[in-house]
Amino acid sequence: MFTLAEVASLSDIQPTYRILKPWWDVFMDYLAVVMLMVAIFAGTMQLTKDQVVCLPVLQSTVSSKVQPDTSGKADFTTVETTTGQGEEASMRTVSFGSAPTVTPDIFLSGATSSQYPSTESGQEPKKEQKDSSGRKTNLDFQQYVFINQMCYHLALPWYSKYFPYLVLIHTIILIVSSNFWFKYPKTCSKIEHFVSILGKCFESPWTTKALSETACEDSEENKQRLTGAQSLPKYVSTSSDEGSPSASTPMITKSGFKFSADKPMIEIPSVTILDKKDGEQAKALFEKVRKFRAHVEDSDLIYKLYVGQTVIKTVKFIFILCYTANFVNTISFEHICNPKVEHLIGYTQFECTHNMAYMLKKLLISYISLICVYGFICLYTLFWLVRIPLKEYSFEKVREESSFSDIPDVKNDFAFLLHMVDQYDQLYSKRFGVFLSEVSENKLRGISLNHEWTYEKLRQHVSRNAQDKQELHLFMLSGVPDAVFDLTDLDVLKLELIPEAKITAKISQMTNLQELHLYHCPAKVEQTAFSFLRDHLRCLHVKFTDVAEIPAWVYLLKTLRELYLIGNLNSENNKMIGLESLRELRHLKILHVKSNLTKIPPNITDVAPHLTKLVIHNDGTKLVVLNSLKKMTNVAELELQNCELERIPHAIFSLSNLQELDLKSNSIRTIEEIISFQHLKRLTCLKLWHNKIVSIPSSITHIKNLESLYLSNNKLETLPAAVFSLQKLRCLDVSFNSIAVIPVEIGLLQNLQHFHITGNKVDVLPKQLFKCVKLRTLSLGQNCITSIPDKISQLLQLTYLELKGNCLDRLPVTLGQCQLLRKSGLVVEDHLFDALPSEVKEVLNQDTSIPFANGI
């Protein structure tokens, strides 16, 4: 038999799963245990006391009469019995009063008969003969044992013999059906994770803090405490014991939890600061809940399995009830047995009694009663499963009772598990909902962030940029620390990859702030903060993946002067993703767009009348439509980089105020249209670098006011004389082409200050080059030059000289006469510098505060 421990283990479920067992499952488990005990009790009784007692049914009997005792003191009855074999046997029954004494299996002899008075011949008996109370069967003990065993198997109904085992099997099946969803691997793993996360969410200090703040915000007692505590120092918290919410950022607006007191009291509760370890655990819980939701919400296997096992239990109940009801009447105390062993026993029929019949019948009725109750609960479970949509769960009540209005509704297995938990205690789902709220997560992150990023730590991250401005760059934080707004002398603030950035009213303290960078950071601003930015912000950089990431308030910054937009402004099917109207940016002067445009966005024309600089970096996407440029009559600087342009756009020739044009990194092969630049009287800088230009047309001479010409990284082989007719030219860059000869006409450029011809095939420097006495930068590196003329000493303003990568044997000694040239501005091989005379090296090694520039 089973031990008690083994029986208990059959229905044992891990205690942590109890929160997923509604009352009907618990009740059915208890019913199953009772049915199990019925099976065990019946089985034990059957194994220890179950037996059948059988006696033969006699075929014929001869009755003898017994004369009554005349004295009335004793009655003597003599019974003769004839067996089936024809044998005769006599048995005397001696009766005293009404209690006769039976002496079976003893033959009457003369000795025994003489002890009693016999009747005389011919004399009538005084009493009528009565039936004897015992009959001789002439069966020995072994024959009784044999026939009892035979009839136990033949005459006894099978249900009487196997009833305990059937009950045991049925009960085990019902127990397995009830708990199969806890054991099946596909569902067990999800349930284990859910129970584990739910328990941690319930016990998390962050949950307690959130709910406590909710209660405090709604309780009248808290309002009275806050009113009475106004005279307290500012650094003292006046919140509940568990949280310290501020009036501007309430944790929860409504709650079902209320603090009550007989008398309102003014108290100073403890400062509610989460321990760092608790904060980290809470953040980890948010991440676990997010991943668990994504993992569980995509299927409804747990729900289907629970419905399936409930249906199985219901079918099992109907099956048990149907066939068991038919066998209630078959359990009887008396049974007729025909074993067909007459040749061994001498009798053909036996009448048997089953000593366990009464007990089994009572147990069977009890079992049927339990099964009926079990079945009604199964039917109720099915009704519950059908009555409400269990694959949908709404946190509507939690949202109404709290400030966490963003708690999402869940579905599928996630919803079903929450419905099951609600049957145990609805407080679990309320606490669990806290960790589904992004608002709650952001508040937690804000608390942790402010503790980690203090004013002192932020001050250490402030640096000086190239413009000598104080700059702070915050990268991949959960939010903007409050201490940032205490850096009142900050000039530039960069926020990168901070999806939950919020700019509060405290930014109005940062009176020096004029430049803001938002890289993948759709920052939200409070109304007061927006008013400050609208009046003070001058430069804004926005980097985004989708145009929706650009904050709406950006389009309303009336005093903004520079706007940099970096991101995708074109969809896959080449339909423009529209920016919002830029009409409100009334003071915008510089617009920088780095995207993948096929045409200039129409909204850019909103700022066309006052825009002075337009930069478009197109990342290799061909810019086809440029007609909008004609409306930008005030644009002085225009950059169209990496736009796959094959020719100079005609729309540019309408920009009468254009001073600088940059067409870098395009596919321009010919620049014959350059003659049209003669209409651009103010054009002073032309950058056609990093293209595929093979020649320079002579019509370039018409650009009379050109001061800078950049033609580096093209395919030029010669420099036409027309280039050197540009008398105002101060910077000429033809680096990295295939030019072999520097024309002698270069001496005509008397205003030339920067000349770059690095990376060509020049082998000889013309003497006329050194007539350009205003040269400050001369880049001759990576050519085939074999010697430097001594006339280089005429370049008295030279501050930068690049000679590295040539075929030089020595440097001219006259380098020492270049008064402004220093070693830091001389790019040459070390051995050539070391070969110079010591006095020349001393001159070149002298310290100087005069800066030099390379002109690029």
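The paragraphs below lead through the interior of this structure, from its nonpolar cores to a buried strand and then to its aromatic rings. The model is predicted, and the features described here are to be read with that in mind.

A natural place to begin is the inside of the protein. In soluble globular proteins, nonpolar side chains tend to be buried together. Here the largest nonpolar core holds 132 residues, and the members that touch the most others are Leu540, Leu629, Leu638, Leu640, Ile652, Phe677 and Phe755. Helix H18, which spans residues 527–536, supplies the largest share of this core, with four residues. Ile652 gives a view of how such a residue is surrounded: once its neighbours within four places in sequence are set aside, Ile652 is in contact with Leu629, Leu638 and Leu640, with Leu658, Leu661 and Leu663, and with Phe677 and Leu680. A second core, separate from that one, is made up of 78 residues, among them Val38, Val167, Val421 and Val434.

From the cores we can turn to strand S11, which covers residues 492–496 and has five of its five residues buried. Both faces of S11 are covered, with Val492, Lys494 and Glu496 buried on one side and Leu493 and Leu495 buried on the other. Two strands pair with S11. Strand S10, residues 470–475, runs parallel to S11 and pairs with it over five bridges, and one of the residues involved, Glu471, has Val492 of S11 as its bridge partner. Strand S13, residues 515–519, also pairs with S11 in the parallel sense over five bridges, and in this pairing Glu496 stands opposite Tyr519 of S13.

The aromatic residues offer another way through the structure, since a search of the whole of it finds 26 aromatic pairs. One such pair is formed by Trp181 and Phe182, whose ring centres lie 4.6 Å apart and whose planes meet at 35°, so the pair is classed as tilted. Trp181 has a relative accessibility of 0% and therefore counts as buried, and Phe182 is likewise buried, with a relative accessible area of 1%. Elsewhere, Trp158, Tyr159, Phe163, Phe319, Tyr323 and Tyr367 form one aromatic cluster.

Aromatic rings also have charged groups placed over them. The charged end of Lys457 sits over the ring of Trp453, at 4.2 Å from the ring centre, while the charged end of Lys687 sits over the ring of Tyr710, at 5.2 Å from the centre of that ring.

Terms used. Residues are numbered from 1 along each chain as its sequence is written. This is a predicted model: local features need pLDDT of at least 70, side-chain atom pairs count only at pLDDT 80 or more; totals for chains, interfaces and linings use all residues. Side-chain values use heavy atoms; hydrogens and water are left out. A nonpolar core is a set of buried Ala, Val, Leu, Ile, Met, Phe, Trp, Tyr and Cys residues joined through side-chain atoms within 4.5 Å. Buried means under 20% relative accessible area, exposed over 50%, partly exposed in between (1.4 Å probe, protein chains only). Contact means heavy atoms within 4.5 Å. Two strands pair if DSSP finds at least two bridges between them. Rings of Phe, Tyr and Trp (its six-membered ring) pair if their centres lie within 6.5 Å; planes under 30 degrees apart count as stacked, over 60 as edge-to-face and the rest as tilted. A charge sits over a ring if NZ of Lys or CZ of Arg is within 6 Å of the ring centre and within 35 degrees of the ring normal.
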